Amino acid sequence: MNAPIQPKAAWLKKVKWDEHGLVPVIAQEAVTNDVLMFAWMNREALAKTVELGEAVYWSRSRKKLWHKGEESGHVQKVLEVRLDCDEDVVLLKIEQAGGIACHTGRHSCFFQKFDGDAQEGDWQNTEPVLKDPSDIYKGK
């Protein structure tokens with residue numbers, strides 16, 4: 001990506017950023033309404049997302065912008081950007097390239113479903129791996 005931009009647009013000021021300058025973001029598949037993933041954005045990531053029409057997140061672990069799909073090719077084309085009623089959560093309506101949003105090679109990051117009761121229950125995988133992550137991130 002190019003040199004960091006310092007977005008000052010009025011629309012960015014409406015977002016209620018947390019104490020770290022971040023806002024939670026939900027990526028939802030536009031066609032199916034499946035929630036594919038949760039991530040974070042800072043002002044620059046949100047501005048870049050709008051500019052490119054593709055999802056750009058803030059990686060808290062790497063401390064840098066992360067253009068979704070930059071390594072895997074599983075880019076998220078952004079069709080709509082929405083702000084919730086409290087103005088502290090962003091929803092992206094997206095088209096998911098390759099049908100894989102999760103780094104585990106699954107369609108959605110939310111593939112584990114709780115089954116059972118509070119005493120004996122456990123998490124069950126409910127979605128198949130569509131592509132082995134070692135094939136997605138070769139040499140990474």
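A polar contact is a pair of N or O atoms within 3.5 Å, and within protein one of the two must be able to donate a hydrogen while the other accepts it. With that in hand, a good place to start in this predicted model is Gln96. The side chain of Gln96 makes just such a contact with the side chain of Gln76, at 2.9 Å. The backbone oxygen of His74 is also reached by the Gln96 side chain, this time at 3.0 Å. Gln96 sits in strand S6, and it counts as buried because its relative accessibility is 10%, with the cut-off for buried set at under 20%. Leaving aside residues up to four places away in sequence, Gln96 touches Glu29, Leu36, His74, Val75, Gln76 and Ala101. So both partners in those polar contacts, His74 and Gln76, turn up in the list of touching residues too.

Another glutamine, Gln28, can be described along similar lines. Gln28 belongs to strand S1, which covers residues 23-29. Its relative accessible area is 13%, so Gln28 is buried. A polar atom of the Gln28 side chain lies 3.0 Å from the backbone oxygen of Asn33. Again not counting residues up to four places away in sequence, the neighbours that Gln28 touches include a run from Asn33 through Asp34 and Val35 to Leu36. The other residues touched by Gln28 are Leu91, Leu92, Lys93 and Ile94. Those four fall in the stretch of strand S6, which spans 90-96.

Next come the positions that carry annotations. Which residues does UniProt list under "binding site" in one unreviewed entry feature? They are Cys85, Cys102 and Cys109. These cysteines are spread over 25 residues of sequence, and they are spread in space as well, with up to 27.3 Å between C-alpha atoms. Of these residues, Cys102 and Cys109 are included in the lining of the largest pocket.

Cys85 is located in the loop that runs between strand S5 (76-83) and strand S6 (90-96). Is Cys85 buried or exposed? With a relative accessible area of 74%, Cys85 is exposed, because the cut-off for that label is over 50%. Cys109 is in another loop, the one between S6 and strand S7 (112-115). At 30% relative accessibility, Cys109 is labelled partly exposed. Residues up to four places away in sequence aside, Cys109 touches Leu36, Met37, Ala101 and Cys102. That list includes Cys102, which appears alongside Cys109 in the UniProt annotation.

UniProt also places the feature "binding site", again from an unreviewed entry, at Asp84, Asp86 and Asp88. Asp84 is found in the loop between S5 and S6, and Asp86 has its place in the loop between S5 and S6 as well. Asp84 has a relative accessible area of 26%, so it counts as partly exposed. The value for Asp86 is 43%, and this residue is partly exposed too.

Now for the largest pocket itself. About 250 Å³ of space lies inside it. Of the 14 residues lining this pocket, those closest to its centre are Arg62, Trp66, Lys68, His103 and Tyr137. What does the lining look like by class? It has 7 nonpolar, 3 polar and 4 charged residues.

Two more residues round out the picture. Trp58 is part of strand S3, residues 56-59, and is partly exposed, with a relative accessible area of 21%. Because buried means under 20%, Trp58 does not get that label. Not counting residues up to four places away in sequence, Trp58 touches Leu22, Trp40, Met41, Asn42, Ala45, Lys63, Lys64 and Leu65. Trp58 and Lys16 are 42 residues apart along the chain, and their C-alpha atoms are separated by 16 Å.

Lys48 is placed in helix H2, made of residues 43-52. Is this lysine buried or exposed? Lys48 is buried, with a relative accessible area of 7%. Lys48 and Lys64 are 16 residues apart in sequence, and 13 Å apart in space from C-alpha to C-alpha. Lys64 has already come up here, as one of the residues that Trp58 touches.

Definitions and conventions: Residues are numbered from 1 along each chain as its sequence is written. This is a predicted model: local features need pLDDT of at least 70, side-chain atom pairs count only at pLDDT 80 or more; totals for chains, interfaces and linings use all residues. Side-chain values use heavy atoms; hydrogens and water are left out. UniProt positions are given in the numbering used here, feature names are shortened, and annotations may be inferred rather than shown by experiment. On a 1 Å grid over the protein atoms alone, a cavity is a set of points where a 1.4 Å probe fits but cannot get out, and a pocket is an open set with protein on both sides within 12 Å along at least five of seven lines; lining residues have an atom within 4 Å of a point. Helices (H or I, at least four residues) and strands (E, at least two) are DSSP runs, numbered from the N terminus. Buried means under 20% relative accessible area, exposed over 50%, partly exposed in between (1.4 Å probe, protein chains only). Contact means heavy atoms within 4.5 Å. Grid points are joined across faces, edges and corners, and a volume is the space filled by probe spheres set on the points. Ala, Val, Leu, Ile, Met, Phe, Trp, Tyr, Cys and Pro count as nonpolar, Asp, Glu, Lys and Arg as charged, and the others, Gly among them, as polar.
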